[in-house]
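Q: I'd like a plain walk through this model. Start with whatever I need to know before the residues come up.

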Amino acid sequence: MLKELYLKNIFLFEEEKVHFENGLNILTGETGSGKSNILKAINLLLGEKIDQVPLQKEVGVIEGFFDIDQNDLVKKECKREEIEITGNILNLRREFYLNKKSRFFINDELASISLIKEIGGHLIEFVSQNSSQELLSSRYQLNIIDLFSKLNLENFLTDYNREKELEKELFELLENKKNSEKETLFLQESLKEINELNLQKDEEEKLNKEHTILTKACDILQNIDIIYNGLQDQEIALISKLKYFQNLLNTLTDIDPSLNETKVLMKNALLELEEVAFNLRSYKDKIEIDPQKVVQIEERLSQIFKIKKKYGSFDELLIKQSFFQEKLTFLLNLDEEIKLKENELKKVKEAVNEEAKLIHDKRKKGITLFEKGVLEKLRSLNLENGKFKVDIKPKERSSTGDDEITFLFTANLGQELKPLKFCASAGELSRIMLVIKTLLSKNDQTGSIIFDEIDANIGGKTATIIGEKLKELAQDKQIICVTHFVQVAKFATNHLYISKLEKMGQAKTKIEKLSDHLQEKEFNRMIGLSIS
């Protein structure tokens, strides 16, 4: 329920607080005074898009305070979004700026427009001349019957969607089956090729290094001999010379101990060179001249080149090998998978068929009571000769079941029932919509319903009846209604008068709660009597 609406610097509202009450809240005022702007502001607060909002200053604000004590749907949504609620009051705010997009807030926390619309759809319902046209939609009529019948389609919808998924999955399996023999053969050959090669990580790099050494073996050995002989084998070899120099240096250190450090350096240099000579001789022993091994390496490198060209790098090869294996396993087990999928689909189809029948039966039962309720209330709305019937017939199954719903109506004696969209006037549609809202009031958790001139295109007698029905509906819902009829306004629990005045050369809209005396004056104005 909307408890308070705060408007600042928007439309012609300088700063206004509108207090709404339980029951029937009536808005009246001269044409152009700003009644529709109040409803427009509520719509904007709940997420309606607008290109540009008339602002009086750089920033405009619309803020609403809602009592959600009885609204479990909003509470559930807030809990899911981790929105903390204090005292069952939910605060929505929308701020507008001259040169940038507006922003939404829930309990002072920034919120997305999608969340605002989701929550707003459970807070307030708008009924206007345009929204009454929704009543002509077959889908909307079906929703009305489902809401009246307290139908929960959740299980049916879950199984129905699962059925569609299984049908798609089974189709894909059968399509795979068509080409499975050829694809299986390809996968087996590809895996055989990859497995037989048994490529190891970094194998190609190692083979290339080994190939380089083998093909350059003669050059390597020749260079090693030159170095080794220069160090060790020749009569004037470097190591022999260094040993001679070492002996001389030992003699010198006996004479002058200050050369000991130099003697150590000479000793270390000699040891390093002897190590070099030893390593070169060991390395030489490993070097082999083997043309046959070169051929084997080249053949292996050729195999690796071909498979890399076909499948990519080593890592890509592993990925494809794993994919091929999984795909092959899938194809080899395809018949069993198809059988399992067919069995699951059969069970789900049986469940969907059973649920669709239960839904159909509940709709038929609900329709009987709905038709009776509509007829009773239509007669009380000055449509004594009106007839109403709900036609239910089978259609191709969809997410709503197997039924097509059509509201049939006639307002006059002697005329046959026709679909609502072909026979109801705007005034009749408004009254039928009011009847339906009254019938649904206990089944719908939406806290407030806003009627925007639902009494248009009707006479004075009917207006009185409309007022009575709004008062009746207001026992279960908060009703906010814009009207030009005294016959409707006199049933108000809370009567708000909207006026336009001039302030410092600018037009401003004011909102005033009417006392009994001021309400009487407003009634006189509405029927054209002079106001004293």
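A: One definition comes first: contact means heavy atoms within 4.5 Å. The model is predicted, and local features need pLDDT of at least 70, side-chain atom pairs count only at pLDDT 80 or more, and totals for chains, interfaces and linings use all residues. Residues are numbered from 1 along each chain as its sequence is written, and side-chain values use heavy atoms, with hydrogens and water left out.

Q: Fine. Where does Lys437 lie?

A: Lys437 is part of helix α16. Helices (H or I, at least four residues) and strands (E, at least two) are DSSP runs, numbered from the N terminus.

Q: A lysine, then. Is Lys437 buried or exposed?

A: Lys437 counts as buried because its relative accessible area is 7%. The cut-offs are under 20% for buried, over 50% for exposed and in between for partly exposed (1.4 Å probe, protein chains only).

Q: And which residues is Lys437 in contact with?

A: If neighbours within four places in sequence are left aside, Lys437 is in contact with Glu125, Val127 and Tyr140, and also with Ile449, Phe451 and Leu473.

Q: Next one. Where does Leu151 lie?

A: Leu151 sits in a loop, the one between α5 and α6 (154–178).

Q: Buried or exposed, for Leu151?

A: Buried: Leu151 has a relative accessible area of 15%, so it falls in that class. Its contacts, again without the neighbours within four places in sequence, are Asp146, Ile359, Lys362 and Arg363.

Q: What separates the C-alpha atoms of Leu151 and Glu196?

A: A distance of 63 Å, and the two residues are 45 places apart along the chain.

Q: Change of topic. What sign does phi have at Asn88?

A: Positive, at about 60 degrees, although Asn88 is not a glycine. For background, most residues other than glycine have a negative phi.

Q: Where is the place of Asn88, and how exposed is it?

A: Asn88 is found in the loop between α2 (72–80) and β5. Its relative accessible area of 27% is why it is called partly exposed.

Q: What about phi at Asn107?

A: Asn107 is not a glycine, and its phi is positive at about 50 degrees. Asn107 belongs to the loop between β6 and β7. With a relative accessible area of 21%, Asn107 is partly exposed.

Q: Those loops lead to strands. How many strands are in the open sheet, and in what order?

A: The open sheet has six strands in the order β2-β1-β4-β5-β6-β7, and the pairing is antiparallel. Two strands pair if DSSP finds at least two bridges between them.

Q: Which are the edge strands?

A: They are β2 (13–19) and β7 (109–111), each of which pairs on one side only. On average, the twist from one strand to the next is 15 degrees.

Q: How are those angles defined?

A: Axes are lines fitted to C-alpha atoms, for helices over the stretch in contact, and angles run from 0 to 180 degrees between N-to-C directions.

Q: Let's go along the sheet. What joins β1 and β2?

A: β1 and β2 are antiparallel and pair over six bridges. They form a hairpin with two residues between them, and Phe11 in that turn has a positive phi of about 55 degrees. One opposite pair is Leu5 and Val18, with Val18 in β2.

Q: How many bridges are there between β1 and β4?

A: β1 pairs with β4 over six bridges, in the antiparallel sense. Here Leu5 turns up again, as its bridge partner in β4 is Gly64.

Q: And between β4 and β5?

A: That pair is antiparallel over nine bridges. Phe65 has Asn91 in β5 as its bridge partner.

Q: What about β6 and β7?

A: Strand β6 (residues 103–106) is joined to β7 by three bridges, and the two run antiparallel. Opposite Phe105 stands Leu110, in β7.

Q: Last one. Which helix packs on the sheet, and which strands does it touch?

A: Helix α1 (residues 35–45) packs on the sheet and touches β1 (2–10), β2, β4 (59–67), β5 (89–97) and β6. The direction of α1 makes about 80 degrees with that of β4.
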